[in-house]
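Dear colleague,

I am handing over the structure that we discussed, and it is shown just below. After it you will find my notes on what came out of the analysis, beginning with one pair of residues and moving outward from there.

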Amino acid sequence: MKRLLALAALLVAQPLLAAEPVSGRWVTAEKDAVISIGPCGKQVCGTIAKFLVPPPQGLDQRDVNNRDAAKRSRKLLGMAILTGFSEDGDQWRGQIYDPKSGKTYRSIIKRKGANVLEVKGCIGPFCQTQVWRRSS
């Protein structure tokens, strides 16, 4: 009987460990863009949906800082900057691309309430955290 109760308690607790959905439209910490996050096949990704501050070359800005010369002609608007995210406990893990530096980082994202998304970009054990807010 005790084992049955323990198993039932474990099954009830399991959904509490699930990551909250991160889908939606989010304003970046610098308030310069809106990122649209949603399903990409079996994973989650995020694309630049809108510029709130026009980039240096205007709305037609290209990925000029990319380390891969073949990718420097692609448009930033509509480009995926969050890729390969999958649920891991109460958070999501994947990669984040920074078009300003042209670098890709390991990333962890996690909901911190209905309107707040914590976004981390990491190199090794060191992470930098940003707070993105839900777009209205």
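In this model, Lys-120 has Thr-129 in strand 8 as its bridge partner. Please keep in mind throughout that the model is predicted.

That pair belongs to a longer contact, since strand 7 and strand 8 run antiparallel to each other and are joined by eight bridges. The two strands form a hairpin with two residues between them, and in the turn Gly-124 has a positive phi of about 60 degrees. On its other side, strand 7 (residues 116–123) is joined by six bridges to strand 6 (residues 103–111), again in the antiparallel sense, and here Arg-106 stands opposite Cys-122 of strand 7. Strand 8 (residues 126–134) also pairs with strand 1 (residues 24–27), antiparallel and over two bridges, with Trp-26 opposite Arg-134.

Taken as a whole, the eight strands make a closed barrel in the order 1-2-3-4-5-6-7-8, with antiparallel pairing. Neighbouring strands in this sheet are turned against each other by 35 degrees on average, direction ignored. As a general reminder, strands of a sheet pair through backbone hydrogen bonds, in either a parallel or an antiparallel sense.

The next topic is the cysteines. A search of the whole structure finds two disulfides, and when the bonded cysteines are numbered in sequence order, the pairing reads 1-2, 3-4. One disulfide joins Cys-122 to Cys-127, with the sulfur atoms 2.1 Å apart, and because the torsion about its S-S bond is about 105 degrees, this disulfide is right-handed. Cys-122 is buried because its relative accessibility of 3% falls under the 20% limit, whereas Cys-127, at a relative accessible area of 38%, is partly exposed.

The other disulfide links Cys-40 and Cys-45, with an S to S distance of 1.6 Å. Here Cys-40 counts as partly exposed at 36% relative accessibility, while Cys-45 is buried, with a relative accessible area of 13%.

Finally, there are the pockets. How much space lies in the largest pocket? The volume comes to about 730 Å³, and 33 residues line this pocket, among which Glu-30, Tyr-97, Asp-98, Pro-99 and Lys-100 are the closest to its centre. Strand 2 (33–40), strand 3 (43–51), strand 5 (91–98), strand 7 and strand 8 each supply at least two residues of that lining, and the largest share, five residues, comes from strand 7. By class, the lining of the largest pocket consists of 21 nonpolar, six polar and six charged residues.

The second largest pocket has a volume of about 150 Å³. Its lining is made of 13 residues, and those that lie nearest its centre are Asn-66, Lys-71, Arg-74, Tyr-97 and Thr-104. Strand 4 (80–88) and strand 5 are the elements that give two or more residues to this lining, which divides into five nonpolar, five polar and three charged residues. You may notice that Tyr-97 appears both among the residues closest to the centre of the largest pocket and among those nearest the centre of the second largest pocket.

With best regards

How values were computed: Residues are numbered from 1 along each chain as its sequence is written. This is a predicted model: local features need pLDDT of at least 70, side-chain atom pairs count only at pLDDT 80 or more; totals for chains, interfaces and linings use all residues. Side-chain values use heavy atoms; hydrogens and water are left out. Two strands pair if DSSP finds at least two bridges between them. Helices (H or I, at least four residues) and strands (E, at least two) are DSSP runs, numbered from the N terminus. Axes are lines fitted to C-alpha atoms, for helices over the stretch in contact, and angles run from 0 to 180 degrees between N-to-C directions. A disulfide is a pair of cysteine sulfur atoms within 2.5 Å. Buried means under 20% relative accessible area, exposed over 50%, partly exposed in between (1.4 Å probe, protein chains only). On a 1 Å grid over the protein atoms alone, a cavity is a set of points where a 1.4 Å probe fits but cannot get out, and a pocket is an open set with protein on both sides within 12 Å along at least five of seven lines; lining residues have an atom within 4 Å of a point. Grid points are joined across faces, edges and corners, and a volume is the space filled by probe spheres set on the points. Ala, Val, Leu, Ile, Met, Phe, Trp, Tyr, Cys and Pro count as nonpolar, Asp, Glu, Lys and Arg as charged, and the others, Gly among them, as polar.
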